[in-house]
Amino acid sequence: MLKQVIWNLRKRVVSDSGDKLILPCMYVPTSSFHAGQVHCSQKSFFGGEDFLDDDNSRPYTYQKEKKSKNPNKHVSFKQQTEAYMEPFTLDVFISKRFVSASVTHRVTCKQVAVAGTNSKDIKAVLRSRSDNPACLAIGRILAERAREGDVYTASYTPRERDKFEGKIRAVVQSQIDNGIDIKVYLD
C-alpha cells in the first residue's frame, strides 16, 4: 500500500513540473515533547524514541540511579570509611548441590578470589559437592587464592536467612586455619 501511495505522489509531481523528474522525499520527524522542552533524538533499538533524562545526559533506556528520599541526611564517619578500612568481604553460597565462595573488594566490586565445587579441578577430587569435607576444601582453596592476591583479612556478614553454623562455619573456619583473618559480624 505504501508503494502505491509513493507511486501516486510521483505521478503528480512529475506531471506538475513538466519534463523534470522530481522525486518527493518523505520526512518523519524524530523529535518529541518532554518536560516542556523539545529534544531531537535517534530512534532506539526497541523502536520507540529515547526520551532524554532530566539533566539531558542519558536516555531513559539506561538504568537511573535511585535518588535519596532525604538528600540532607547525615552520613556518619564510620559509614563513609568502613568500606576502606575493611575493604574485602567474604561471600559464601551453599545449595543442595554445590558450594561456592568468593572474596570481593567492597570499593571496586571486583572478585579477588573465587572457589566453587562446580569447577572441573575441584569436582574431580571431591566425593560429594555439598558435604562438610567439600566446604573445608573450598575454604582451603579460597584461602590459597586470596593469599596469592595479597588478601589476608576479610569480613563476613551472613545473609538474613543464613545461620552461622554447620557448612558456612566450616568454610569460614577453614579459611581462618589457612591464614586468612576473617571478622564475622552477626546481627
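The legends below describe several close-up views of a predicted model.

**View 1. Strands S3, S4 and S5 are joined by bridges between antiparallel neighbours.** Strand S3 spans residues 88-94, and 7 bridges join S3 to S4 in an antiparallel arrangement. Within this pairing, threonine 89 stands opposite threonine 104 in S4, while valine 92 faces alanine 101 of S4. The connection from S3 to S4 is a hairpin that runs through 4 residues. On to strand S5, which comprises residues 111-116, S4 is joined by 5 bridges, and these two strands also run antiparallel. Alanine 101 has alanine 115 as its bridge partner in S5, so that alanine 101 is seen here with a partner in S5 as well as standing opposite valine 92. Strand S4, residues 99-105, is mostly covered, with 6 of its 7 residues buried.

**View 2. Cysteine 109 takes a positive phi in the hairpin of S4 and S5.** This hairpin has 5 residues between the strands, and cysteine 109 lies in the loop that they form between S4 and S5. The phi of cysteine 109 is near 60 degrees, a positive value in a residue other than glycine. Most residues other than glycine have a negative phi. Cysteine 109 counts as exposed because its relative accessibility is 61%, and the cut-off for that class is over 50%.

**View 3. Aspartate 150, in the loop between H4 and S6, also has a positive phi.** Helix H4 covers residues 132-148 and strand S6 covers residues 153-156, with aspartate 150 in the loop that connects them. Although aspartate 150 is not a glycine, its phi is positive, at about 60 degrees. With a relative accessible area of 59%, aspartate 150 is classed as exposed.

**View 4. Asp91, Arg159 and Asp162 are joined into one network by salt bridges that share partners.** Aspartate 91 forms a salt bridge with arginine 159, in which the closest N and O atoms are 2.9 Å apart. This pair links distant parts of the chain, 68 residues apart: aspartate 91 belongs to strand S3, whereas arginine 159 sits in the loop between strand S6 and helix H5 (167-177). Arginine 159 also meets aspartate 162 through their side chains in a salt bridge, at 3.9 Å from N to O. Arginine 159 is thus the residue that takes part in the salt bridge with aspartate 91 and in the salt bridge with aspartate 162. As for accessibility, aspartate 91 counts as partly exposed at 35%, arginine 159 is partly exposed with a relative accessible area of 28%, and aspartate 162 is likewise partly exposed, at 22%. The count of salt bridges in the model comes to 5, among them the two shown in this view.

**View 5. A salt bridge between aspartate 121 and arginine 145 links helix H3 with helix H4.** The side chains of the two residues meet at 3.7 Å, N to O. The partners are 24 residues apart and link distant parts of the chain, with aspartate 121 in helix H3 and arginine 145 in helix H4. Aspartate 121 counts as partly exposed because its relative accessibility is 48%, and arginine 145, with a relative accessible area of 30%, is partly exposed too.

**View 6. Arg97, Lys120, Lys123 and Arg129 gather in a patch of positive charge on the surface.** Arginine 129, one of the members of this patch, is found in the loop between helix H3, residues 120-125, and helix H4. With a relative accessibility of 34%, arginine 129 counts as partly exposed. Residues enter such a patch if they have over 30% relative accessible area and no salt bridge, and the 34% of arginine 129 is therefore above that cut-off.

Methods:
Residues numbered from 1 in each chain as written. Predicted model: local features only at pLDDT ≥ 70, side-chain atom pairs only at ≥ 80, totals over all residues. Heavy atoms only, no water. Patch = residues over 30% accessible without salt bridge, like charges linked within 9 Å, V, L, I, M, F, W, Y side chains within 5 Å. Areas by Shrake-Rupley, 256 points an atom, 1.4 Å probe, with all protein chains shown as cover. Salt bridge = Lys/Arg side-chain N within 4 Å of Asp/Glu carboxyl O. Lys, Arg positive; Asp, Glu negative; His and termini not counted. Charge placed at Lys NZ, Arg CZ, Asp CG, Glu CD. Buried < 20%, exposed > 50% of the residue type's maximum accessible area, 1.4 Å probe, protein only. Pairing = 2+ DSSP bridges.
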